[in-house]
Amino acid sequence: MFKFDFGIEDDEVTVPQQEADLTQNEVQPETFANLSLAQLLDALPPLISYSPLPIPLSSRRETATLARRDLFDARFQLISEGGNDEPTTESSAPVSALNFLDVPSDIVPGVYEGGLKTWECSLDLVDYLDGLENPGNSYFSGKHILEVGCGTGMPSVYILYQLFCGSLSNASTYVHLQDYNASVLKLITFPNIILAWYMSPASAEYRASAPEECPPPDSTLPGELPITPALKSAFSGSLTSHNINLAFSSGSWESLTAHLDVKSDIVLTSETIYRTEALPALIALLRKACTNTQPLCLVAAKVLYFGVGGGISEFVRTLESKGMALRGCAGKAESVWERKLGVGRKIMRIEWA
Ligand SMILES: C[S@@+](CC[C@H](N)C(=O)[O-])C[C@H]1O[C@@H](n2cnc3c(N)ncnc32)[C@H](O)[C@@H]1O
């Protein structure tokens, strides 16, 4: 187990001892699974509690605020459902997300990869995306978008919020979210997407139809959102009317690479380069996921992940290496966003060779 000491929620985090036990067993990587929209809708609890997540922006707007499901609420859901929810590999001990909900920044390689927490660089990505020319919220419309290692999914949640604020479109937009852990997608990522829809004009008709059940659609306020059959059906209706297709997959990067048969125009990933030995699999996935014509492939990361050895130099070295060239996956990284204060952070745009 290791823990990075500079995430946005680290103040709240303590390190328990019992999780060391989880690493005792030989761990097999999680295999690939698609989670359908119906499965994720079914997995929602009757009520979601949420809090505002302010995101600093470089633009004159200064801050964007997204609503994010509270971790304590996800914990409550798991406890009320009886605990063990994570599909496990044959050789690993059964593991519940409950083990990690109290300590979301503790990473146990091959078991839990940190997706319950929002990491700083995902907010940097939101800032970068916010700076793109986006007339009438149309930039993302009609695009194939993949977020690799999404965790709480703030960049995709931001994109979906923009799409829900935009006009109805004939062009189909695809947003595909991947996380190592299915429980992260179920407990946090998907509820955050529901909240993005709820806070947008796309939910206005639903809100007007059930005013007694509806908190104010204001992402700067904490609140509780009742999840009713009518809300689920209104959400699905908005996806159809906005021509938005959602896909969710869990499992290792190798397993997604083997199953991926769609190319994306926009490929995003943040805080995923911390482990040096995992870099070839990540880079091979990013390469396979990108269209051949001018994809926007963005990797947001800290300059160095203390204690684990990974960081931007290692990533760039691997990206440009002979080994990746032999696999047809070599590329160049251009820095397009940078913050030098404290532990340096960058966003790199990848150009494939
Ligand atoms: C530190 S978290 C970052 C989460 C999110 N991108 C953020 O910045 O808030 C790392 C993410 O990478 C993914 N990940 C790490 N190693 C992985 C692997 N070998 N295969 C698949 N996913 C992996 C996990 O899904 C996890 O959510």
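In this predicted model, asparagine 243 sits in the loop that runs between helix H8 (229-241) and strand E9 (244-250). Looking past its neighbours within four places in sequence, asparagine 243 turns out to be in contact with Ser169, Asn170, Ala171, Ser172 and Thr173. Another residue worth pairing with asparagine 243 is tyrosine 174: the two are 69 residues apart in sequence, yet 8.6 Å apart in space, C-alpha to C-alpha.

Tyrosine 174 belongs to a stretch that comes up again in the largest pocket, since strand E7 (173-179) and helix H9 (253-259) are the elements that give two or more residues to the lining of that pocket. The space inside the largest pocket comes to about 610 Å³. Its lining is made up of 35 residues, and the closest to the pocket's centre are Glu113, Tyr180, Trp253, Tyr274 and Arg275. As for the chemistry of the lining, it splits into 13 nonpolar, 14 polar and 8 charged residues.

Next come two helix pairs. Helix H5 (residues 154-165) packs against helix H6 (residues 182-198) at an angle of about 30°, and their axes are 9 Å apart. Angles under 35 degrees count as roughly parallel, so that is how H5 and H6 lie relative to each other. The crossing of H5 past H6 is right-handed. On the H5 side, the contact is made by Met154, Val157, Leu160, Tyr161 and Phe164, while H6 brings Asn192, Ile193, Ala196 and Trp197. Sorted by class, the residues of this contact come out as 8 nonpolar and 1 polar, with no charged ones.

The other pair is helix H10 (residues 279-289) and helix H11 (residues 312-319), whose axes come within 10 Å and cross at roughly 60°. H10 and H11 are therefore oblique to each other. This crossing, too, is right-handed. Here H10 supplies Leu279, Pro280 and Ile283, and these meet Glu314, Phe315, Thr318 and Leu319 of H11. The contact of H10 with H11 has 5 nonpolar residues, along with 1 polar and 1 charged.

Note on methods. Residues are numbered from 1 along each chain as its sequence is written. This is a predicted model: local features need pLDDT of at least 70, side-chain atom pairs count only at pLDDT 80 or more; totals for chains, interfaces and linings use all residues. Side-chain values use heavy atoms; hydrogens and water are left out. Axes are lines fitted to C-alpha atoms, for helices over the stretch in contact, and angles run from 0 to 180 degrees between N-to-C directions. Helices (H or I, at least four residues) and strands (E, at least two) are DSSP runs, numbered from the N terminus. Angles under 35 degrees count as roughly parallel, over 145 as roughly antiparallel, 65 to 115 as roughly perpendicular and the rest as oblique. A crossing is left-handed if the near helix is turned anticlockwise from the far one by less than a right angle, and right-handed if clockwise. Contact means heavy atoms within 4.5 Å. Ala, Val, Leu, Ile, Met, Phe, Trp, Tyr, Cys and Pro count as nonpolar, Asp, Glu, Lys and Arg as charged, and the others, Gly among them, as polar. On a 1 Å grid over the protein atoms alone, a cavity is a set of points where a 1.4 Å probe fits but cannot get out, and a pocket is an open set with protein on both sides within 12 Å along at least five of seven lines; lining residues have an atom within 4 Å of a point. Grid points are joined across faces, edges and corners, and a volume is the space filled by probe spheres set on the points.
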